[in-house]
Amino acid sequence: MKAYLYLRNGDCYEGISVGSAGTAVGEVIFSTGMVGYQEELTDPAMCGVLLCKTYPLAGNVGVNPENVQSDRVWPAGYIVREVCDVPSNFRCAGLFDDYLRSNGVVGIADIDTRRLTRTLRDQGAMPGAITTEPARRDELMKALAAWQETACVARVTRTAAETFAPEGEKRCRIACIDLGLCRSLLRALTARGAEVVAFPASACAEEILAAAPDGVFVSGGPGMPDAPAAVETLRALTAQKLPTFGVCLGHLLLAQAHGARTVKLPHGHYGANHPVKDLASGRTLITTQAHSYAVDGDALPAGVQITYTSMNDDTVEGLRYGDACCSVQFYPEATTGAGALLDQFVAMTAERSAH
């Protein structure tokens, strides 16, 4: 079956359908990771996007339940050069195409993803539509012309607080504000001896403080950093001087809570190979990222210190707010060498718990 990708700038790509038949509309972004397609698909930070892979092959190791980051697949659509239908891996439990179909993801393959990526790099991310219904082209082009980005946190956050036990001896109790929490980050905290109480993004400071946490963790999540209630909650929590650590979307909202401004990037940072400079040591980290916004480094409030910067575009990748609060724009548990950030956060929180 044929499938078509329409962009708001008028470009049209004709390919073959993968996953579900039908139509999906969303912002078209590209990811540069060569591996981890299942982790990426189940990352809540990908909610609602049309995800284009720069690596030309997906499905070569199949899919399995061990690699998921959440309970479902989040992109509305998937774009790739080629889908492998003969996977080879000892953990393979299913075909990639079947996985997309069973999760209702509309996909397209056999198109020039190199050309598409260059367009997005040159013109910026833009709305698009993947469809197996070409008769709807005029209707879809009108929809793309009127498309506007919306906040997605409410779609991915949990509905009630939930407690996760630590692995081994309990060292501390951490309140996690779930903006789109990945399982790998949750495991990284519990593996370090933290009991984690995960709260919905709508939780107020009083509700979180009633759980008597020793520290606060703010997860990553999808879309634009437009969550004023969460920002107010973070402002109230940081006033308590609890050890606080934010990642990805949590990094952006913590920055807003401290008076910083966030801006949209031309085409975002998605993938597992983004170089980031540690300004304290001069080392380069190769990081995993999934975001379209950044903190405006030219308009930071007094006392806010930049700790990491992108080596691709010089954008802010990490901030420190005094001794007890810091944040990064990347996934520390998926970045070699950055696990020390989680070690330091849990150690600081455990020290507070001990006193």
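Start with the whole chain in view: its radius of gyration is 20 Å, which agrees with the value near 20 Å that a compact globule of 355 residues would have. This radius is taken over C-alpha atoms, and the globule rule is 2.2 Å times the number of residues to the power 0.38. The model is predicted: local features need pLDDT of at least 70, side-chain atom pairs count only at pLDDT 80 or more, and totals for chains, interfaces and linings use all residues. Residues are numbered from 1 along each chain as its sequence is written, and side-chain values use heavy atoms, with hydrogens and water left out.

Show the C-alpha trace. Along its principal axes the trace spans about 65 × 45 × 40 Å.

Switch to the cartoon view. The chain has ten helices and 19 strands; these are DSSP runs numbered from the N terminus, with H or I over at least four residues for a helix and E over at least two for a strand.

Next, colour by burial. Of the 355 residues, 55% count as buried (under 20% relative accessible area, where exposed is over 50% and partly exposed lies in between, with a 1.4 Å probe and protein chains only).

Now select Glu40. Glu40 sits in helix 1, residues 37-41. Is Glu40 buried or exposed? Glu40 counts as buried because its relative accessibility is 11%.

Add Lys53 to the selection. The side chains of Glu40 and Lys53 are joined by a polar contact of 2.8 Å. Such a contact is a pair of N or O atoms within 3.5 Å; within protein, one must be able to donate a hydrogen and the other to accept it, and residues adjacent in sequence count only if both atoms are side-chain atoms.

Show what else surrounds Glu40. Neighbours within four places in sequence aside, Glu40 is in contact (heavy atoms within 4.5 Å) with Ser31, Met46, Leu51, Lys53 and Gly271.

Move on to Tyr321, in strand 18, residues 316-321. Tyr321 counts as buried because its relative accessibility is 9%.

Which residues should be shown around Tyr321? Setting aside neighbours within four places in sequence, Tyr321 is in contact with His251, Leu254, Ala255, His258, Val304, Cys326 and Ser327. Zoom in on Ala255: the side chain of Tyr321 reaches the backbone nitrogen of Ala255 at 3.4 Å.

Finally, select Leu300 with Tyr321. These two residues are 21 apart along the chain, and their C-alpha atoms are separated by 11 Å.
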